[in-house]
Amino acid sequence: MLIPARNLMELARILPSQGLVQIVVTPQHNQVVFHCEHITFVSRLIEGVYPAYQRSIPREFPTRAVVETRHFAAAVERASLFARDELKTARLTLKGSEHGALFGTLTVEAEDADRGNHISTVIAEVTGPERRIIFPVRYLSEALEHIETPQVALSVLDPGKPGVLKPVGEMQYLSLVMGAQERRTTTA
């Protein structure tokens with residue numbers, strides 16, 4: 001069912017943080033009712049079919065990094081303090097092992113003209129060619145908040161293309177993170 005986002009945000013604001021919520025769709029299939037303790041919230045349903053989002057998720061990725069979730073999340077959090085461009089982006093570089101090393105690296109970089117720059121490097125199991133991708137830090141942070149497994153896999157295509165964050169293990173979750181294009185500055 002499709003529910004207006006504004007209504008869901010309002011529902012999240014008024015619902016208690018714990019407890020059961022009963023959800024009922026009306027017989028006409030045009031409204032949904034949420035009931036919890038002393039709260040009854042009614043929302044209209046949007047007619048139509050949910051977009052076929054599966055088609056926007058690439059099936060093959062040339063580069064993949066498996067990294068400790070908490071280390072990756074901490075690196076993204078630190079980068080967010082320096083990510084001050086229009087989109088608040090960070091550059092991620094996925095680099096395989098060199099000279100017989102067992103692991104590669106995932107580097108998270110962000111910079112601000114006034115504050116300087118930040119670089120965090122996390123040990124990662126990287127397969128595929130080296131990639132340098134730009135992502136808005138907010139998108140990465142929000143996706144990582146929902147991953148509760150010790151490790152997460154980041155799969156990427158090319159710059160400007162979406163990447164996929166997926167827990168390593170049994171948890172069935174996938175987050176499509178939209179990439180950003182690197183801004184080129186020219187001087188006259």
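Does H29 count as buried or exposed, and at what relative accessibility? At 61% relative accessibility, H29 counts as exposed, because the cut-off for that word is over 50%. The structure shown above is a predicted model.

H29 is a convenient place to enter the structure. The residue is found in the loop between β1 and β2. The phi angle of H29 is near 60°, which is a positive value in a residue other than glycine. Most residues other than glycine have a negative phi. A second residue with this feature is E37, with a phi near 45°. E37 has its place in the loop between β2 and β3. E37 counts as exposed too, with 56% relative accessibility.

These two loops lead into a sheet. Strands of a sheet pair through backbone hydrogen bonds, either parallel or antiparallel. Here, three strands form an open sheet in the order β1-β2-β3, and the pairing is antiparallel. The edges are taken by β1, residues 22-25, and β3, residues 39-44. Each of these two has a single partner strand, so one side of each is left without a neighbour in the sheet. On average, neighbouring strands of this sheet are turned by 15° against each other, direction ignored. Helix α1, made of residues 5-14, packs on the sheet and touches β2 and β3. The direction of α1 makes about 175° with that of β3. Within the sheet, β1 and β2 (residues 31-36) run antiparallel and are joined by four bridges. To find this pairing in the model, look for V25, which stands opposite V32 in β2.

The next sheet is also open, and it has eight strands. Their order is β8-β5-β6-β7-β4-β9-β10-β11, with antiparallel pairing. Which strands are the edge strands? They are β8 and β11, each of which pairs on one side only. Neighbouring strands in this sheet are turned by 30° against each other on average, direction ignored.

Start at the β8 end. Strand β5, residues 89-95, pairs with β8, residues 131-136, in the antiparallel sense over six bridges. In this pairing T89 stands opposite P136 in β8. Strand β5 is also joined to β6 (residues 104-112) by five bridges, and these two run antiparallel. Here T93 stands opposite T107 in β6. How many of the seven residues of β5 are buried? Six of them are, so β5 is largely enclosed by the rest of the structure.

Further along the sheet, β9 and β10 pair in the antiparallel sense over four bridges. L154 stands opposite L165 in β10. At the other edge, strand β11 covers residues 175-177 and includes S175. S175 has a relative accessible area of 12% and is buried, because buried means under 20%. Leaving aside its neighbours within four places in sequence, S175 is in contact with A143, G163, V164 and L165.

Two helices lie across strands of this sheet. Helix α2, residues 69-80, lies across β4 (63-68), β5, β6, β7 (116-127), β9 and β10. Helix α2 runs at about 160° to β7. Helix α3, residues 137-145, lies across β5, β8, β9, β10 and β11. Its angle to β8 is about 85°.

The last stop is a pocket. Rolling a probe the size of a water molecule over the atoms shows where empty space is left. In the second largest pocket, about 230 Å³ of space is found. This pocket is lined by 14 residues, and the closest to its centre are I57, P58, V164, K166 and L174. Which elements give two or more residues to the lining? They are β9 (151-156) and β10 (163-167). Strand β10 gives the most, with three residues. By type, the lining residues divide into nine nonpolar, two polar and three charged. Two names from earlier return here: V164, one of the residues in contact with S175, is also among those closest to the centre of the second largest pocket.

How values were computed:
Residues numbered from 1 in each chain as written. Predicted model: local features only at pLDDT ≥ 70, side-chain atom pairs only at ≥ 80, totals over all residues. Heavy atoms only, no water. 1 Å grid on protein atoms, 1.4 Å probe; cavity = no way out; pocket = protein on both sides within 12 Å on 5 of 7 lines; lining within 4 Å. Points joined across faces, edges and corners; volume = space filled by probe spheres on them. Nonpolar A, V, L, I, M, F, W, Y, C, P; charged D, E, K, R; others polar. Pairing = 2+ DSSP bridges. Axes fitted to C-alpha atoms, helices over the stretch in contact; angles between N-to-C directions. Contact = heavy atoms within 4.5 Å. Buried < 20%, exposed > 50% of the residue type's maximum accessible area, 1.4 Å probe, protein only.
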